[in-house]
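Please open the structure in your viewer and keep the selection panel at hand. The tour below goes from one selection to the next and says what is found at each.

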Amino acid sequence: MFKTLKRSAAGAAVPHEKGTAGMQTVQMPVPKEVLIPLQMHIGAPAEPCVQKGDSVKVGTLIGKAGGFVSANIHASVSGTVKAIEDVRMVHGVMAKAVRIEADGAQTPDPACVPPTVTDKAGLLAAIQACGLVGVGGAGFPTHVKLSAKVDTLLINGAECEPYLTTDAREMLECSDTIIAGIEAVMKYCEIPTCIIGIERNKPECIDLMCSLTRDMPGVTVKPLPMRYPQGAEKTLIESCTGREVPQFNDAGKPGLPADAGCIVMNVTSVSTLGKYLKTGMPLVAKRLTVEGDAIAKPQNIEVPIGTMYADVIAACGGIREGVSLGKIIFGGPMMGGAAPSADFPVLKQNNGLLLFSREKAVLPEPSPCIRCGRCIKGCPMGLEPVNIVECFNNKDFDGLKARCVDLCVACGSCTYVCPAKRLVSQNMALAKAWYLAEARKGGK
Ligand code: SF4
Ligand code: SF4
C-alpha cells in the first residue's frame, strides 16, 4: 500500500522533568559485589575467560567477544570471582554472568594502557578491545557501526527522554574527552563532517560545545527542537542533515544510517572512546540518572557496571519515607522498561533508574478508540498505529507488511498522545514481534 513513508518531526511534546540537570555527578561507594552479564550488547554473547576463585582488577577482561558482532566485557571492581552463573536479565532473557566479590581497593589492571592507534583498523581494534557499545540505550557494538564508510558523523546529545540528564552531565563534565573522541573518529575513519545535535532545553551544553568546536574544521553544533523523540536515529539524521534513511537499502535489507551517509554516536559513547584512548581503561562504569517521586535523593551517580539496582537505590538514600514504591523503570519513561524488582544489575547501556510511588505508577483506564488520528500525527516514523493494531488484532500479515510495522522504533509517542489512554505502543510491539516471527517462519 505504501511505497515510501514520509517521516516527520511530529513526535510528542513530553514534559522535561530534568531536575537533576544542574547536579554534579557523584561517585557511588564500591558495592560489596557486582553481577556482570556477558550479554549486554546486540550480537553474540561474550565467552567467559575467568573462573571461580580468580583474582581480577578493574579493567581485567572477564568475557571475550563471541564474534565480530559482539563485545568484550571487563571487571568493574577489583576482587575475586565468586561464580559464573546463569541469570535472568531484566528483559526476561537468560545470560551467563560473572559474580565478583569486591575487595574495595578498586585496583586498576596494569594491562590497561592507552592503545596505539595510527589508522582506521587500529581504531576499530582498540574500540573492540575496550568493549564499547552504544551506551545511549541500544547496546550496538561501536566497532561494527564505525566499519561503514560515510561522510557525516552525528553526535547524539539530544537526550529527549524526560528525567534523564546523564548525557547533559557528560557534556558539561567531560567535554575534553568528547572532543578527543570526535577528533579520533573523524581522523581515522576519514569522516569530513561532524554535527553535534543537542535539544534546545540544554543551552549550557550548546554554548559549551559551540565554543569548543569553533576552530574544528567540519564540526558544527545543531540546536534541535524540543520534541520527543529527537534522539531517535532516523529523526536525528533528518533534523541534522535533511537526509532520510531509506526503508530498504540497495541490497534489499532494512535501511541503516550508513545508507544515508551517516554514523550516529551517542555523546557519552564518543566520550567513553576519548577516555579509553587517553587512559586505556575500558568501559567499566556508568553514570545513571536516579529520579522519580519515590527516591529520597535524586541525583546523577556513577556506578560500576554490574551494580545491583538495590545498591544504587541505597546509595541514593533509599525509598522516600512514607512512600510506597509502585514501579522501577530502567532507562527513561518513554522507552525504558519496568523492572519486576531491584534485583537486577546495571548494564553498559543503562542511563537511568526511575522510581515511582504507587500513586504515580497507576495506569489510567483505557477507553474505546475515538479514531482521532493523534497517534498517526504523533508517530515520528510516519506509521499508522491505530490501523496497524487493527491489522494485528485480525492477524492480517499482509496488512502489517503494507503498513511497515517493522519500522516502529518503540518510542512510545503514540501511547503518550492517545486521549483514550490506549496502550498503542505496547500493542505495536506485540504486532511487530508477531509480524517478524511470521515472516521468519514463512520466509515471507
Ligand atoms: S511507538 Fe512505534 S508506532 Fe508508536 S509513535 Fe513510536 S514509532 Fe510510531
Ligand atoms: S490516538 Fe488513540 S483514540 Fe486516537 S486514533 Fe489513535 S488509538 Fe484511537
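Begin by selecting domain 2 and domain 4, whose centres, taken over C-alpha atoms, are separated by 28 Å in this predicted model. The contact between these two domains draws five residues from domain 2 and six residues from domain 4, and the side of domain 2 that touches domain 4 is made up of three nonpolar, two polar and no charged residues. To colour the whole chain by domain, use the bounds of the domain assignment, which gives domain 1 as 29–102, domain 2 as 120–279, domain 3 as 285–358 and domain 4 as 374–442.

Next, select helix 4 (residues 175–188) together with helix 7 (residues 267–279). Their axes come within 7 Å and cross at roughly 85 degrees, which makes helix 4 roughly perpendicular to helix 7. On the helix 4 side, show Thr177, Ile178, Ala180, Gly181, Ile182, Ala184 and Val185, which meet Val267, Val270, Ser271, Leu273, Gly274, Lys275, Leu277 and Lys278 in helix 7. Sorted by character, the residues of this contact are nine nonpolar, four polar and two charged.

Keep helix 7 on display and add helix 3 (residues 166–173). Helix 3 and helix 7 pack with their axes 9 Å apart and at an angle of about 40 degrees, so helix 3 is oblique to helix 7. The crossing of this pair is left-handed. Here Thr166, Asp167, Glu170 and Met171 in helix 3 meet Val267, Thr268 and Ser271 in helix 7, a contact whose residues divide into two nonpolar, three polar and two charged.

With helix 3 still selected, hide helix 7 and bring in helix 5 (residues 203–213). The axes of helix 3 and helix 5 come within 9 Å and cross at roughly 40 degrees, and this crossing, too, is left-handed. Ala168, Met171 and Leu172 in helix 3 meet Glu204, Cys205, Leu208 and Met209 in helix 5, and the residues of this contact comprise six nonpolar, no polar and one charged.

Two details of the backbone deserve a stop before the ligands. Select Tyr228 and Pro229, where the peptide bond from Tyr228 to Pro229 is cis, with omega near 0 degrees; Pro229 is found in the loop between strand 11 (219–224) and helix 6 (233–241). Then move to Ala410, whose phi is near 55 degrees, a positive value in a residue other than glycine. Ala410 lies in the loop between helix 12 (397–402) and helix 13.

Now select ligand 1 and its surroundings. Which residues are closest to ligand 1? Of the 14 residues that surround ligand 1, the closest are Cys379, Cys408, Cys411, Cys414 and Ser425. The elements that give two or more residues to this shell are helix 13 (413–417) and helix 14 (424–442). By character, the shell around ligand 1 holds 10 nonpolar, four polar and no charged residues.

End at ligand 2, which has 13 residues around it. Cys369, Cys372, Cys375, Cys418 and Ala420 come nearest to ligand 2, and the shell residues divide into nine nonpolar, one polar and three charged. With both ligands on screen, set the two shells side by side: the shell around ligand 1 has no charged residues, whereas the shell around ligand 2 has three.

How values were computed: Residues are numbered from 1 along each chain as its sequence is written. Chains are lettered from A and ligands numbered from 1 in the order in which they are written. This is a predicted model: local features need pLDDT of at least 70, side-chain atom pairs count only at pLDDT 80 or more; totals for chains, interfaces and linings use all residues. Axes are lines fitted to C-alpha atoms, for helices over the stretch in contact, and angles run from 0 to 180 degrees between N-to-C directions. Helices (H or I, at least four residues) and strands (E, at least two) are DSSP runs, numbered from the N terminus. A crossing is left-handed if the near helix is turned anticlockwise from the far one by less than a right angle, and right-handed if clockwise. Two residues are in contact if their C-beta atoms, placed from the backbone, lie within 7 Å. Ala, Val, Leu, Ile, Met, Phe, Trp, Tyr, Cys and Pro count as nonpolar, Asp, Glu, Lys and Arg as charged, and the others, Gly among them, as polar. Angles under 35 degrees count as roughly parallel, over 145 as roughly antiparallel, 65 to 115 as roughly perpendicular and the rest as oblique. A residue is near a molecule or strand if its C-beta atom, placed from the backbone, lies within 6 Å of it. Domain bounds come from an automatic or database domain assignment.
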